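Subject: Structure for your review

Dear colleague,

I am handing over the structure we spoke about, and my notes follow directly below it. Please read them with the coordinates open beside you.

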Amino acid sequence: MSHTRRIVSAVLFSSLFLLGSCGGSKISNDTMVIGLECDYAPFNWTETSSNDNTLPISNATGFADGYDIQIAKRLSTITGKQVKIVKEVWDSLIPDIQNDTINMIIAGMTDTEERRQSIDFTDEYYRSEVVLLSKKAVADEYTGRTLGTSDLSTLLSTKNVVSQADTVEDDIINNFVTSYGCKHAAATETYSLAAVDVQNGSADFLVVEYPVAQSYVASMDGLGIIHLDQAVLGVDLSQLGVSIGIKKGNSELKTALNSALAQITSEERNTLMTAAVERSSNN
């Protein structure tokens, strides 16, 4: 059964990329050209040298590692297609899907209604929770607890809350402003810059995914994690997963990727993420 599914997936990939090449596409029919930031550990980051976990970055110096890279490798194995990693700033990812510079985004991107106006998404390839990153002394007060509405009304009132620009987490802050009276700090270009703001006291809290927060706590001094009841986020729980972005209307690619993703078990995904968190903390 597994072998049959692999053949079907490979055939679909061949068909869709050949179709894409007919109209002057810049992408080879044998290659998955994947855009990502290479700066969003543990989903993706940059290494200076290669190892068994990395792939070379095609348009910059260095090698990409992270959970996204491991998913890309698994997709490559399942489909028999080569992988090309393109390092991009976050805001360029969707436009470059639209203009065929890349053919998929594997970058910890959440499938939202707004983004679906511009691109399509596969099934989720990872699901996590949203947390608050704070100074360790603050987080230690809530060890073992999951905070709900009443807690956040006290914790967040008048506090500066930050996240990366143009992300679901930054949108969540708008809900927190309305519900809990916090201040929406100016969004940063990257999550890592937002984490630095928390570390140096420019912001009190960073809204971020749990694996990313784990990576920052392991690699930066004086930070801690506060867990939240996910019902307080003010968004659909479906928005907490991350999916692969593809060009709008490419149903064949979507089907092929979903078929390939179905062969990666939840246990394997969790194992890959745990290992990525560990590696990123030593980066």
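Leaving aside its neighbours within four places in sequence, which residues is Glu-88 in contact with? Before the answer, please keep in mind that this is a predicted model. With those neighbours set aside, Glu-88 is in contact with Leu-36, Glu-37, Leu-93, Asp-96, Thr-101 and Ile-102. Glu-88 itself is found in the loop between β5 (82-87) and α3 (93-98), and its relative accessible area is 10%, which places it under the 20% cut-off, so it counts as buried.

For the overall layout, the chain holds ten helices and 14 strands, and buried residues make up 49% of its 283 residues. If one takes the contacts between residues at least 6 apart in sequence, 73% of them join residues that are at least 24 apart.

The backbone has some points that you may wish to look at individually. As background, most residues other than glycine have a negative phi, and most peptide bonds are trans. In the loop between β1 and β2, Cys-38 has a positive phi near 60°, although it is a residue other than glycine; Cys-38 is also buried, with a relative accessible area of 3%. Pro-42 is found in the loop between β1 (31-36) and β2 (45-47) as well, and the peptide bond that joins Ala-41 to Pro-42 is cis, with omega at about 5°. Elsewhere, Asp-166, which is not a glycine either, has a positive phi of about 60°, and its place is in the loop between β10 (160-162) and α6 (168-180).

Turning to the strands, β2, β4 and β3 form an open sheet of three strands in the order β2-β4-β3, with antiparallel pairing. Because β2 and β3 (55-56) stand at the edges and each has a single partner strand, one side of each is left without a neighbour in the sheet. The pairing of β3 with β4 (residues 63-65) is antiparallel and runs over two bridges, with Leu-55 standing opposite Ala-64 of β4.

Strand β12 (residues 205-209) deserves a separate paragraph. Five of its five residues are buried, so β12 is largely enclosed by the rest of the structure. In a regular strand the side chains alternate between the two faces of the sheet. In β12 both faces are covered, since Phe-205, Val-207 and Glu-209 on one side, and Leu-206 and Val-208 on the other, are all buried. Strand β8 (residues 130-135) is joined to β12 by four bridges in an antiparallel arrangement, and within this pair Leu-132 stands opposite Val-207. The pairing of β10 with β12, by contrast, is parallel and takes place over two bridges, with Val-161 opposite Phe-205.

From β8 one can continue to β13 (residues 223-228), to which β8 is joined by five bridges, again antiparallel; here the bridge partner of Leu-133 is Ile-225. Strand β9 (residues 146-147) also pairs with β13, in the parallel sense and over two bridges, and Leu-147 has Leu-228 of β13 as its bridge partner. A further link across the sequence concerns Ala-137 and Leu-223, which are 86 residues apart in sequence and 8.0 Å apart in space, C-alpha to C-alpha. Ala-137 belongs to helix α4 (residues 136-140) and is exposed, with a relative accessible area of 57%.

Finally, there is a helix contact to describe. The axes of α2 (residues 67-79) and α10 (residues 266-281) come within 9 Å and cross at roughly 140°. The two helices are therefore oblique to each other, the cut-off for roughly antiparallel being over 145 degrees, and α2 passes α10 in a right-handed crossing. On the side of α2 the contact is made by Tyr-67, Gln-70, Ile-71 and Arg-74, and on the side of α10 by Glu-268, Arg-269, Leu-272, Met-273, Ala-276 and Arg-279. By type, the residues of this contact divide into five nonpolar, one polar and four charged.

With kind regards

Conventions:
Residues are numbered from 1 along each chain as its sequence is written. This is a predicted model: local features need pLDDT of at least 70, side-chain atom pairs count only at pLDDT 80 or more; totals for chains, interfaces and linings use all residues. Side-chain values use heavy atoms; hydrogens and water are left out. Buried means under 20% relative accessible area, exposed over 50%, partly exposed in between (1.4 Å probe, protein chains only). Two strands pair if DSSP finds at least two bridges between them. Axes are lines fitted to C-alpha atoms, for helices over the stretch in contact, and angles run from 0 to 180 degrees between N-to-C directions. Angles under 35 degrees count as roughly parallel, over 145 as roughly antiparallel, 65 to 115 as roughly perpendicular and the rest as oblique. A crossing is left-handed if the near helix is turned anticlockwise from the far one by less than a right angle, and right-handed if clockwise. Contact means heavy atoms within 4.5 Å. Ala, Val, Leu, Ile, Met, Phe, Trp, Tyr, Cys and Pro count as nonpolar, Asp, Glu, Lys and Arg as charged, and the others, Gly among them, as polar.
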